[in-house]
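Student: I would like to learn how to read the strands and pockets of a protein model, going one feature at a time. Could we begin with the way strands lie beside each other?

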Amino acid sequence: MSTTPTYPLLPAPLLPLVHAASPGVLMPQLGLGTYKIPDDDAADCVRAALALGYRHVDTAQMYRNEAGVGRGLRESGLPREELFVTSKLDNPNHRREAVLRSFDESLRTLGLEYLDLFLVHWPLATSPGLDLVETWQAMVELLESGRVRAIGVSNFEPEHLERVAAATGVVPAVNQVEVHPYFTQEPLRAVNRAQGIVTQAWSPLARGRVLEDPVLVRVAQQVGRSPAQVVLRWHLQRGDVVIPKSTHPERMAANAAVWDFVLSGAQMALVDTLDRGERHGPHPDEMREPRQ
């Protein structure tokens, strides 16, 4: 079977964000990640992805490409209400005043009146003088202002989730963390699931490291798809949100062509066996100082 996608691509299913203050907030299960896409290239990438049927775009203050992402959103010509846009709080901005100020800057840079989702990018729980609860309380203020439809976190461990929820009574809607077949994050996903938190996978393809794994190659041959499509389908069948990054329209299209096949229970279990506890990004506790 050819791995060339059939057009038009099927739309990504929408997952409810159950901890959003406003009912009816739905998040497309597959989106475009923009990590390490330069600002000058981001507009073209976003515009291409939206033309292919993507409706979910993930950026961050730390990526320094919000301006380009915003241009791509506008140049797509799509109505704002059809788009789901996420950004994230940069590490130097954890104080209440900085949370509020930098959020306003993100909206201006993106050229948007509101965000669909805003995440605390890293917990920085061990950084001297920083209070994670203060940061989360400021996020709750943003939610209550109506300028963001849902708030969540990224790279939070169970103790971080428990701390902010206990202090504020507001549970994050999303926890965006590193997840891929070599790092399945089962204990953390179970904590997220128990609290109704959507798990979102960054680096879902392990930066390409898993794509030559013999197990994945064999499963790909069985279903007539590429190893990347198998991995993305594995994520989706587990119920996670995925945001694979690409700057190539052909690869974006292939990444989105994952809704017309299913992995069997045995194939899913086989991929599960690849877990090595192999983290490629930093551990959250290693992010101790704000990024300057």
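Tutor: Strand pairing is read from the bridges between two strands and from their relative sense; in this predicted model, strand 6 (residues 117-120) and strand 7 pair in the parallel sense over three bridges, and within this pairing L119 stands opposite G152 of strand 7.

Student: Which strand pairs with strand 7 over two bridges, and in which sense?

Tutor: That partner is strand 8 (residues 174-178), and the sense is parallel; here V153 has N175 as its bridge partner in strand 8.

Student: What kind of unit do strand 7, helix 5 and strand 8 make?

Tutor: A helix that links two strands is read together with its crossover, and in this case strand 7, helix 5 (residues 158-168) and strand 8 form a β-α-β unit that is right-handed.

Student: Which residues of strand 7 point one way, which the other, and are they buried or exposed?

Tutor: In strand 7 (residues 151-154), I151 and V153 point one way while G152 and S154 point the other way, and all of them are buried. For the protein chain, buried residues make up 57% of the 292 residues.

Student: How should I read the largest pocket, and what is its volume?

Tutor: A pocket is read from its volume and then from its lining: the largest pocket has a volume of about 670 Å³, and of the 29 residues that line it, Y35, W202, S203, R207 and K245 are the closest to its centre. By class, the lining of the largest pocket divides into 13 nonpolar, twelve polar and four charged residues.

Terms used
Residues numbered from 1 in each chain as written. Predicted model: local features only at pLDDT ≥ 70, side-chain atom pairs only at ≥ 80, totals over all residues. Heavy atoms only, no water. Buried < 20%, exposed > 50% of the residue type's maximum accessible area, 1.4 Å probe, protein only. Helix = DSSP H or I, 4+ residues; strand = E, 2+ residues; numbered from the N terminus. Pairing = 2+ DSSP bridges. Right-handed = clockwise from strand over helix to strand, strands pointing away. 1 Å grid on protein atoms, 1.4 Å probe; cavity = no way out; pocket = protein on both sides within 12 Å on 5 of 7 lines; lining within 4 Å. Points joined across faces, edges and corners; volume = space filled by probe spheres on them. Nonpolar A, V, L, I, M, F, W, Y, C, P; charged D, E, K, R; others polar.
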